[in-house]
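Here's a small set of exercises to work through with the model on screen. Try each task yourself before you read the solution.

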Amino acid sequence: MITSTQNPRIKHLLQLQQKSSLRKEEGLFVVEGRREVEHCLEAGFKIRTAFVCEEIGDADPPHSSLKVGEIERVSPNVYERIAYRGGTEGIVALVEARQTSLSDLQLSASPLIVVLESVEKPGNLGAVLRSADAAGADAVVVCDPLTDLYNPNLIRSSIGALFTVPCVACSTEECIAFFREKGIRVLTAQLQDSRLYYDTPMTGPTAIVMGTEATGLTDQWRQAADAHIRIPMLGRLDSLNVSVSAAILLFEAVRQRQAQNKGK
């Protein structure tokens with residue numbers, strides 16, 4: 001059992017939690033919590049090491065029949081050091097990263113995709129992933145990302161949705177070309193020159209594209225759009241958090257698709 005927070009393996013784990021550059025260099029990231037680890041395993045990720053603390057709770061690795069490189073048992077004081085939050089059932093896993101490209105996506109006949117341009121806050125991306133999972137979206141695409149897809153804050157805020165919804169990072173040029181090739185209609189969320197989102201068809205192959213709250217979308221996306229849509233703002237402010245906007249637009253697409261299916 002590891003009982004010291006100065007243990008080299010514990011220090012390495014903490015560095016991976018804190019440093020994006022190290023995660024990219026080593027191709028490793030950290031997942032905390034039973035639910036998140038379960039989703040990670042179900043998605044086919046390989047766990048190199050599971051750090052478990054039996055005193056915290058039932059800390060046997062979930063899906064123990066699946067491949068886990070090794071198990072390290074840690075004392076409660078060590079677990080408190082490596083865990084970001086309480087109530088995570090005593091498991092923190094060191095996981096091998098993998099890169100998913102647009103060509104890897106397995107799309108449905110009428111895909112629904114969320115695109116975020118230059119998203120900065122990992123918590124926002126995590127919340128969008130949760131909404132995408134709830135709405136049954138095919139994928140979330142992050143164009144010209146300013147955040148690390150394996151940031152611990154992103155994984156925590158997504159409560160594991162990073163592993164249940166395919167998430168791809170790419171350039172705007174690559175994304176637009178992919179949508180054109182696949183015949184996916186591009187809807188950009190913007191205030192200028194736009195129509196109300198519920199007046200815009202979303203039953204066919206659809207990509208909903210959103211920018212940052214501060215600067216919105218670049219002209220490249222505005223020009224590539226098949227339609228511009230907006231959420232009515234009835235108060236004094238002119239924007240919503242991007243994760244809230246994503247949820248509203250995603251579930252409008254769900255509503256339209258369900259209505260279409262009932263009418264058949």
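**Exercise 1. Why is there no bond between the sulfur of C175 and the closest cysteine sulfur, in C143?**

First, a word on what you're looking at: this is a predicted model, where local features need pLDDT of at least 70, side-chain atom pairs count only at pLDDT 80 or more, and totals for chains, interfaces and linings use all residues. Residues are numbered from 1 along each chain as its sequence is written, and side-chain values use heavy atoms, with hydrogens and water left out.

Step 1. Recall the cut-off: a disulfide is a pair of cysteine sulfur atoms within 2.5 Å.

Step 2. Check the distance. The sulfur of C175 lies 3.9 Å from that of C143, which is too far for a bond.

Step 3. Widen the search. Across the whole structure, 0 disulfides turn up. C40 is in none either, as its nearest cysteine sulfur, in C167, is 14 Å away.

Step 4. Look at the surroundings. C175 is buried, with a relative accessible area of 0%, and C40 is buried as well, at 1%. (Buried means under 20% relative accessible area, exposed over 50%, partly exposed in between, with a 1.4 Å probe and protein chains only.)

**Exercise 2. Find where the predictor's confidence is lowest and highest in the protein chain.**

Step 1. Start with the average. The protein chain has a mean pLDDT of 90, and 93% of the residues score at least 70. (pLDDT is the predictor's confidence in each residue, from 0 to 100.)

Step 2. Go to the extremes. Strand β3 (residues 68–73) has the lowest confidence, with a mean of 84, while strand β10 (residues 206–210) has the highest, at 97. (Strands are DSSP runs of E, at least two residues, and helices are runs of H or I, at least four, numbered from the N terminus.)

**Exercise 3. Work out the strand order of the open sheet, then place β10 in it.**

Step 1. Read the order: 7 strands run β7-β6-β5-β10-β8-β11-β9, with parallel pairing. (Two strands pair if DSSP finds at least two bridges between them.)

Step 2. Find the edges. β7 (167–170) and β9 (195–196) each pair on one side only.

Step 3. Look at the partners of β10. β5 joins β10 through 5 bridges, running parallel, with L112 opposite T206. β8 pairs with β10 in the parallel sense too, over 4 bridges; here V186 faces A207 and T188 faces V209.

Step 4. Step across β8 (residues 185–189) to β11 (residues 227–230): these two are parallel over 3 bridges. T188 stands opposite H228, and A189 opposite I229.

Step 5. Ask how enclosed β10 is. 5 of its 5 residues are buried, so β10 is largely enclosed by the rest of the structure. T206, I208 and M210 cover one side, A207 and V209 the other, and all are buried.

**Exercise 4. Find which residues touch the most other members of the largest nonpolar core.**

Step 1. Get the rule straight: a nonpolar core is a set of buried Ala, Val, Leu, Ile, Met, Phe, Trp, Tyr and Cys residues joined through side-chain atoms within 4.5 Å.

Step 2. Pick out the hubs. The largest core has 47 residues, and L125, L129 and V140 touch the most other members. Helix α10 (residues 242–263) gives the most to this core, with 6 residues.

Step 3. Zoom in on L129. Beyond four places in sequence, its contacts (heavy atoms within 4.5 Å) are V140, L154, S158, A161, L162, V165 and C167.

Step 4. Don't miss the second, separate core. This one has 21 residues, including I176, F178, I184 and A207.

**Exercise 5. Decide for R23 and S103: buried or exposed?**

Step 1. Take R23, in helix α2 (residues 20–26). At 5% relative accessibility, R23 counts as buried. Among the residues it touches more than four places away in sequence are D148, Y150, N151 and P152.

Step 2. Take S103, in the loop between β4 (91–96) and β5 (112–117). S103 is exposed, with a relative accessible area of 63%.
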